[in-house]
Amino acid sequence: MARFPEEYDDCERILAPDGSYDAEAVAALDLTDEELRGMYGSMIQARALEERGLTLQRQGEFHFWMECRGLEASHVGPAAALSDRDWMNTEWRQYGAQIQRGRPLEDILLFWLRGYEEWAADSIAEMEPYERRMPHIVAVGTQLPQTAGLMWGRKLQGKDEVGLVSVGDGGASKGDFHAGLNFAGALELPVVFLLLNNQWAISTPVERQTAADTYADRAAGYGFEGTLVDGNDVLATYRATKRAVEAARAGEPHLLEVLTYRRGAHSSSDADDYRENVDIEAWRERDPIDRYETFLEDRGLLGPDDFESIREAAEERAREAAESALEIAETQSPEEVFDEVFANPPDYVDDQREELLDLVDRHGEAAFRW
Ligand SMILES: Cc1ncc(C[n+]2csc(CCOP(=O)(O)OP(=O)(O)O)c2C)c(N)n1
Ligand SMILES: [Mg+2]
């Protein structure tokens, strides 16, 4: 049985599933109309990118896609709450967060085509906000101690920067979770831990990950605060992250649990035959975009015609980005995956490169594309 924000007295919310909202809380957010519309644009763009990505995967162009629909508010609000100089280490399916920070769509898609990433900037100082992140995280949980380490380094260098790092309900069962949070608490590091509780880790439900009612409660064990938020309310995720970022900047880390639900499959390779449709339906009624549209309309910020044109433009941008990502990927060879890992590769990595080149020789490059 899925969990729902309404079941928790202390779960923060501004926008209810039916689009009604706390007007005082909205006023206190101090967001401009442009910023409010911007978060909508990021959520719509994420969904359009997802549709394109899944279609291309079904057509055999993409090897793999991680699904995100219904999760948009859980990561767009937090990304919007960061300053340009802050760091954001998100996981695989948080496309909206990347989009909110200005990452080009091609760049997001290219990861799924070739399996590695490149940075345009030569130094941290030259990085765009969307580049202030670690490489895409694949090994579940490792990002937690790594982000703590990164922010320790930045703190020692006297930088006024906060690091936001996300982890799933499944990732929170790893030892890395304890290492990362303990490290941040003990060293008073400027880190916000964003726990994206989407209630599934592939086929393992949240009740098999923890006997506790919330993840937010764990913060006490590390000597800092935790907050539980309705993850489908983009205004609430924004507000809670903003507060957490301010605290982190002052040396108090924070654990923010955003309660949401993964409506899509884990990935394009997942048969998704292990759960009840009733939960998916119940969470579809709590869709983050639907409720935000009702809010935007009520405030006179956007109307049905705008929704349609924004959606169409997002679909068009996703189509164009996919075309150019596919073109770029064509110009790259599989062994480039080795290029950005070591300045001086150890012998065993050189051996692996040789082995790959030999396989490419025998089977052709196409066999090694993602
Ligand atoms: C160390 C490690 N073990 C297993 C995997 C395979 N794997 C990828 S995602 C995933 C589930 C993660 O669940 P959760 O942390 O809840 O994040 P979600 O996928 O729901 O966003 C697993 C087991 C992996 N990538 N890394
Ligand atoms: Mg999960």
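**Helix α10 and its packing**

The buried residues of α10 are covered by elements that include α2 (33-58), α3 (72-80), α8 (234-249) and α11 (304-330). The model is predicted.

**Exercise 1.** State which residues of helix α10 are buried, and describe the backbone just after the helix.

Solution.
1. Helix α10 spans residues 288-298.
2. Within α10, the buried residues are P288, I289, R291, Y292, E293, F295 and L296.
3. Just after α10 comes G300, whose phi is positive, at about 70°.

**Exercise 2.** Work out whether α2 and α10 are roughly parallel or roughly antiparallel, and give the hand of their crossing.

Solution.
1. The axes of α2 and α10 lie 11 Å apart, and the packing angle is about 150°.
2. Angles over 145 degrees count as roughly antiparallel.
3. The two helices, α2 and α10, are therefore roughly antiparallel to each other.
4. The crossing of α2 past α10 is left-handed.

**Exercise 3.** List the residues through which α2 and α10 touch, and sort them into nonpolar, polar and charged.

Solution.
1. From α2, the contact uses L36, Y40, M43, I44 and R47.
2. From α10, P288, I289, Y292 and L296 take part.
3. Eight of the residues in this contact are nonpolar, none is polar and one is charged.
4. Arg counts as charged, and R47 of α2 is in the contact.

**Exercise 4.** Find the UniProt domain annotated at residues 42-326 and describe that span in the model.

Solution.
1. An unreviewed UniProt entry places the feature "domain: Dehydrogenase E1 component" at residues 42-326.
2. In the model, this span is 44% helix and 11% strand.
3. The end C-alpha atoms of the span are 22 Å apart.

Note on methods: Residues numbered from 1 in each chain as written. Chains lettered and ligands numbered in written order. Predicted model: local features only at pLDDT ≥ 70, side-chain atom pairs only at ≥ 80, totals over all residues. Buried ≥ 20, exposed ≤ 12 C-beta atoms within 10 Å, placed from the backbone. Helix = DSSP H or I, 4+ residues; strand = E, 2+ residues; numbered from the N terminus. Contact = placed C-beta atoms within 7 Å. UniProt positions renumbered as here; feature names shortened; annotations may be inferred. Axes fitted to C-alpha atoms, helices over the stretch in contact; angles between N-to-C directions. Parallel < 35°, antiparallel > 145°, perpendicular 65-115°, else oblique. Left-handed = near helix turned anticlockwise from the far one by under 90°.
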